[in-house]
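Q: Take me through one part of this model close up, please. Pick a residue as the way in, then work outward to whatever surrounds it and the rest of the chain.

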Amino acid sequence: MRPLSMIAILYFIVIADCSFRLVDSSGNTVNTEMVQALLLYNGGTVCNDNMNSYVAGIICRELGFSSASSWTSGNKWYSLQSRFDIRLDGYSCSSTYWSSCRYSHSHDCGHSEDVFLTCRGGCSAGHYLQGARCVDCPANTYKAETGVRTSCTPCSSGSASQPGAASCELCPQNTYKSEGMEVCEACPENGSSEEGASECSCVEGMFWKDTERSCELCPQNTYKSEGMEVCEPCPTGSASQTGAASCELCPQNTYKSEGMEVCEPCPTGSASQTGAASCEL
């Protein structure tokens, strides 16, 4: 560090509003305890002048953690640190609250003096920080780690959780949970599912309709056999009734081409074999 006399006289002010953040080597916010991270203040790094365990604890509490585990400094992540200005230096605190601290806008630091901070405590798994309180994660969300995240992660389709959950549970067999549903629900009549399903599989001749959350009959001239996910159109020369597991070939001397609804008799003077798409003179 350069001698204080080599720079402009530092002007100290009471901190009116502060915005601390911990980031990892990729610049992503760190909200989990016991992770060493680069300390940022209002979008810039923090110089280690006057940093000590007491000040580190104040900053960790300002971030929502219960205390500081450790702090260090250095140019550990040069490519990241060099993108930031140094925004905080020469701080001094008169109580355990950050509002009592003073700091300087000026600095005599380089990025080799940037502060890295490890905080601990915060909200336990299944709880998130709301204002100054830890509250339960809502139903169908979860938070797996201890830290100061201000939200919980939604459960994926096919899983659900109770309030205050650290993880989501897969929906049991023959139940499902799709987007927008609050709980895992039993598959409807003619439906079944494996564990963790977001929809139910329907029996042959029926398909799953998301909007109705039910098994519906395959339309006329379509079919769905075992193992198929959706109803497929019948090939030319064949047809089906609603709810079919297979298509039936058009009888001899009838035909069904593209766009026709049913097998129709061949015109006078023409004939066809079974399963014909057209008639021959």
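A: Let's start with serine 238, which sits in strand E23, residues 238-239. Keep in mind that this is a predicted model. Serine 238 has a relative accessible area of 4%, so it counts as buried, the limit being under 20%. Who's touching it? If you skip the neighbours within four places in sequence, serine 238 is in contact with Asn221, Cys247, Glu248, Leu249, Cys250 and Lys256. There's also a distance to glutamate 261 that you can check on screen: 23 residues separate serine 238 and glutamate 261 along the chain, and their C-alpha atoms are 9.9 Å apart.

Now move back along the chain to the largest pocket. It holds about 250 Å³ of space. Its lining is made of 16 residues, and the ones nearest the centre are Ser201, Cys202, Lys224, Met228 and Glu229. Two strands give two or more residues to that lining: E18 (201-202) and E19 (206-209). Sort the lining by class and you get eight nonpolar, five charged and three polar residues.

Cys202 is a handy link from the pocket to the disulfides, as it lies among the residues nearest the pocket centre and is also bonded to cysteine 215, with an S to S distance of 2.2 Å. The torsion about that S-S bond is about -85°, so the disulfide is left-handed. Cysteine 202 belongs to strand E18 and cysteine 215 to strand E20 (residues 214-217), so the bond ties together parts 13 residues apart in sequence. Are the two ends buried or exposed? Cysteine 202 is buried, at 13% relative accessibility, and cysteine 215 is buried too, with a relative accessible area of 10%.

Next up is the bond between cysteine 187 and cysteine 200, where the sulfurs are 2.1 Å apart. Its S-S torsion is about -90°, so this disulfide is left-handed as well. Both ends are in loops: cysteine 187 is between strand E16 (185-186) and strand E17 (191-192), while cysteine 200 is between E17 and E18, so the bond joins parts that are 13 residues apart in sequence. Cysteine 187 counts as buried at 14% relative accessibility, and cysteine 200 is buried at 2%.

In total, the count of disulfides comes to 13. One more is worth a look, the pair of cysteine 123 and cysteine 134, with sulfur atoms 2.1 Å apart. This link is left-handed, at -90° about the S-S bond. It connects distant parts of the chain, 11 residues apart: cysteine 123 is in the loop between E8 and strand E9 (127-130), and cysteine 134 is in strand E10, residues 133-136. The two ends sit in unlike settings: cysteine 123 is buried at 0% relative accessibility, whereas cysteine 134 is partly exposed at 40%. The cut-offs put buried under 20% and exposed over 50%, so that 40% lands in between.

Further back still is the largest nonpolar core, with 28 residues; Phe20, Leu22 and Ile59 have the most contacts inside it. Two or more residues each come from strand E2 (20-23), strand E3 (37-41), helix H1 (53-62), strand E6 (86-92) and strand E8 (115-120). H1 gives the most, with five residues. As background, nonpolar side chains tend to be buried together in soluble globular proteins. For a view from inside this core, pick phenylalanine 20: beyond its neighbours within four places in sequence, it contacts Leu39, Leu40, Tyr41, Val46, Ile59, Glu62, Leu63, Leu88 and Trp98. Apart from this core lies another one, of eight residues, including Met181, Cys187, Met206 and Cys215. Two of those names should ring a bell: Cys187 is joined to cysteine 200, and Cys215 to cysteine 202.

Last stop, strand E6, which also holds aspartate 89. Aspartate 89 has a charged side chain, yet at 1% relative accessibility it counts as buried. Not counting residues up to four places away in sequence, aspartate 89 touches Cys47, Asp49, Tyr103, Ser104, Ser106, His107, Asp108 and Cys109.

Key
Residues are numbered from 1 along each chain as its sequence is written. This is a predicted model: local features need pLDDT of at least 70, side-chain atom pairs count only at pLDDT 80 or more; totals for chains, interfaces and linings use all residues. Side-chain values use heavy atoms; hydrogens and water are left out. On a 1 Å grid over the protein atoms alone, a cavity is a set of points where a 1.4 Å probe fits but cannot get out, and a pocket is an open set with protein on both sides within 12 Å along at least five of seven lines; lining residues have an atom within 4 Å of a point. Grid points are joined across faces, edges and corners, and a volume is the space filled by probe spheres set on the points. Helices (H or I, at least four residues) and strands (E, at least two) are DSSP runs, numbered from the N terminus. A nonpolar core is a set of buried Ala, Val, Leu, Ile, Met, Phe, Trp, Tyr and Cys residues joined through side-chain atoms within 4.5 Å. Buried means under 20% relative accessible area, exposed over 50%, partly exposed in between (1.4 Å probe, protein chains only). Contact means heavy atoms within 4.5 Å. A disulfide is a pair of cysteine sulfur atoms within 2.5 Å.
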